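Let's take a walk through this chain, starting with a pair of charged side chains and ending with the overall build. Keep the structure open as you read.

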Amino acid sequence: MNRPPVDAACHPPELPALHAQAFPMLSPEQIRLAAPYGEEVRAPAGTVLLQSGGAEAAFYIVLDGYVEVLEDEPDGGQHSLLMHRDGEFTGSLDLFTDRPNSVSARADSDSRLLCLSRAGLAQLLLAEPVLADIVLRAFMLRRIGYLRRRPYGGAISRGGAVPRSGAAAGQPDPVLDLAVIGGGPAGLAAAAYAASEGLHTLLVGGSLCGADTSDAAASGVDTSGFNTPGGQALPGFPGTITGLCDGGLLRRAETQSRRFGSHVLPVRLATAFDSTCYPYRVWLDDGQMIEARSLIVATGLVQDGTGEGNTAWLDGCLDTDELGCILTGRAAAGSMQARAYESSQPGVFAVGAVRAGSVKHVLASIAEGAAAVRVVHRFLDASAH
């Protein structure tokens, strides 16, 4: 087989903690567990597996060979971002959303691959806790670390949009584009996407590693909506919130997100919301008040087994169902445009378990958190005019 040399060029230089988690190498036993959920395919050198801008979605594990990940250049060419080798896998959080592919992938040598469809990947992650932990860690960190590897800098393109801060160049804007309340899977995915797409973003309730479920609930974190028999908060993950936190995932996520404009408050509780003024105001338990042009609520359910939404801090400002879960879209009386995930208050969105009618598992929550950012952009575009 004609293979490129294995050297530092196979992966961009990164912090070791980020690299080890974002580009893990699966063991033969882990690949064996994944095999029933996909099919083995052979790709001659030069085969395009994923096309930037395309809608096809697949997850590839490299069994033998090399897969190169490429980004489109402004002049129509492509720039190599990284190379996946034996035991590594392609993919990102976009696999859980309807977003077009942001990069291309092609076989750099004659390669043997295990190909899983989006549905096959979801089945694998829900059935195999160890693989779910590895893959979701990698996807989250790839999104957060992506900008440091991009040769052209700036926010990930979403069709020419620019940050909306009204402050003068070089001056901090005290008003956020987006405040994400709740640092569970839905909230963290939303914050990662929003910040990487140029929005001035704050994530409230981010530092949860080592926290138990009571600490998480007190932080407005989207965990309690995932209770299952045996005390697991996230199906497919061992032990409450730790499936996303073992090894300090959220701490690394916070560190990386700060590099491109997202800010994370340590464990904090949202205590009040003022919907009568714009920008909106949210008060935290330390007395701090934040102002934001839009809000994503990802606070999950209360930890008393009733299935009620963790929405007391909203003080009736949003339409909810009988359990206090937030109504969105056409079910929300005040949402005249019926934007997906938008509550009865324009510009206030709900994702994850706190949203009425949501599917209560981690993959659905990640998908909702990522997908809602696109709707936030549309709201901010409209409100700017």
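In helix 2 (residues 28-34), glutamate 29 and arginine 32 sit three residues apart, which means that about one helical turn separates them. This is a predicted model, so please read every distance below as a value computed from it. The two side chains form a salt bridge, with the closest N and O atoms 2.5 Å apart. Glutamate 29 is partly exposed, at a relative accessible area of 41%.

**Charged pairs**

Side chains of opposite charge can pair when their charged atoms come close. How many salt bridges does the count come to? The total is eight. Three of them are set out here, with the N to O distance for each.

| Acidic residue | Basic residue | N to O distance |
|---|---|---|
| Glutamate 29 | Arginine 32 | 2.5 Å |
| Glutamate 40 | Arginine 112 | 3.3 Å |
| Glutamate 88 | Arginine 85 | 3.9 Å |

The salt bridge between glutamate 40 and arginine 112 has an N to O distance of 3.3 Å. This pair ties together distant parts of the chain, since glutamate 40 belongs to strand 1 (residues 39-43) and arginine 112 to strand 7 (residues 111-117), 72 residues apart. Glutamate 40 is partly exposed, with a relative accessible area of 47%, and arginine 112 also counts as partly exposed, at 25%.

Now look at arginine 85 and glutamate 88, whose side chains meet in a salt bridge at 3.9 Å. Which of the two is buried? Glutamate 88 is, because its relative accessibility is 2% and the cut-off for buried is under 20%. Arginine 85 is partly exposed, with a relative accessible area of 23%.

**A buried threonine**

Threonine 299 is found in the loop between strand 15 (295-297) and strand 16 (348-350). Is this loop residue buried or exposed? Threonine 299 is buried, at a relative accessible area of 1%. A polar atom of its side chain lies 2.9 Å from the backbone oxygen of asparagine 310.

**Three helices to look at**

Helix 3 (residues 118-127) has these buried residues: Gly120, Leu121, Leu124 and Leu125. They lie on the same side of helix 3, because they cover an arc of only 135° around the axis.

Helix 4 (residues 129-149) contains leucine 136, which is buried with a relative accessible area of 1%. Leucine 136 and leucine 363 are 227 residues apart in sequence, yet their C-alpha atoms are 9.1 Å apart in space.

Helix 8 (residues 362-383) is worth a check of its length. At 1.5 Å a residue, its 22 residues should span 32 Å, and the end C-alpha atoms are 31 Å apart, which agrees. Of those 22 residues, 17 are buried, so helix 8 is largely enclosed by the rest of the structure.

**The whole chain**

Stepping back, the chain has eight helices and 16 strands. It holds 385 residues, and 55% of them count as buried. Among contacts between residues at least 6 apart in sequence, 70% join residues at least 24 apart. The chain exposes about 15,200 Å², and carbon and sulfur atoms supply 53% of that area.

Definitions and conventions
Residues numbered from 1 in each chain as written. Predicted model: local features only at pLDDT ≥ 70, side-chain atom pairs only at ≥ 80, totals over all residues. Heavy atoms only, no water. Helix = DSSP H or I, 4+ residues; strand = E, 2+ residues; numbered from the N terminus. Buried < 20%, exposed > 50% of the residue type's maximum accessible area, 1.4 Å probe, protein only. Polar contact = N/O pair within 3.5 Å; in protein donor to acceptor, adjacent residues only side chain to side chain. Arc of directions from axis to C-beta. Salt bridge = Lys/Arg side-chain N within 4 Å of Asp/Glu carboxyl O. Contact = heavy atoms within 4.5 Å. Areas by Shrake-Rupley, 256 points an atom, 1.4 Å probe, with all protein chains shown as cover. Expected span 1.5 Å × (residues − 1).
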